[in-house]
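Me: Please take a close look at the salt bridge in this model, and set it in the context of the chain around it.

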Amino acid sequence: MASAGQRAWRWEGEMAEIAEACADAGLSPAFVTAAQELFGRWREHRDDDGVTVLDLLQALVTRPG
């Protein structure tokens with residue numbers, strides 16, 4: 001999981017595009033929007049070889065600001 005957190009920020013933009021496509025097709029974009037937010041919360045850990053699972057979990061429960 002920690003290694004995925006190092007790269008997850010790269011998927012944030014794709015999730016936004018997928019959410020828009022879902023909405024355009026009349027489907028709920030809620031799941032994809034949630035994934036986009038998750039990946040965005042991990043952005044600060046991009047390419048951080050020292051990131052731990054605990055770091056990533058803390059980022060999920062901390063409101064961005």
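Reply: The accessible surface of the chain, in this predicted model, comes to about 4,400 Å², and carbon and sulfur atoms hold 57% of that area. Of the 65 residues, 28% count as buried. The chain contains 4 helices and 0 strands, so that its elements read α-α-α-α from the N terminus on. Among contacts with a separation of 6 or more, 53% join residues that are 24 or more positions apart.

Within this setting, a search of the whole structure finds 1 salt bridge, and its partners are Glu37 and Arg41, whose side chains meet at 2.6 Å, N to O. Both residues belong to helix H3, where they lie 4 residues apart, about one turn of the helix. The two partners can also be placed by their accessibility: Glu37 counts as partly exposed because its relative accessibility is 44%, between the limits of 20% and 50%, whereas Arg41 counts as buried because its relative accessible area of 12% falls under 20%.

Helix H3, which spans 30-41, also gives two or more residues to the largest nonpolar core, as do helix H2 (12-24) and helix H4 (53-61). That core has 11 residues, among them Met15, Cys22, Val32, Phe39, Trp42 and Leu56. Helix H3 therefore carries both partners of the salt bridge and, because it is one of the elements that give two or more residues to the core, a share of the nonpolar core as well.

Technical notes
Residues numbered from 1 in each chain as written. Predicted model: local features only at pLDDT ≥ 70, side-chain atom pairs only at ≥ 80, totals over all residues. Heavy atoms only, no water. Core = buried A, V, L, I, M, F, W, Y, C linked by side-chain atoms within 4.5 Å. Buried < 20%, exposed > 50% of the residue type's maximum accessible area, 1.4 Å probe, protein only. Salt bridge = Lys/Arg side-chain N within 4 Å of Asp/Glu carboxyl O. Contact = heavy atoms within 4.5 Å. Areas by Shrake-Rupley, 256 points an atom, 1.4 Å probe, with all protein chains shown as cover.
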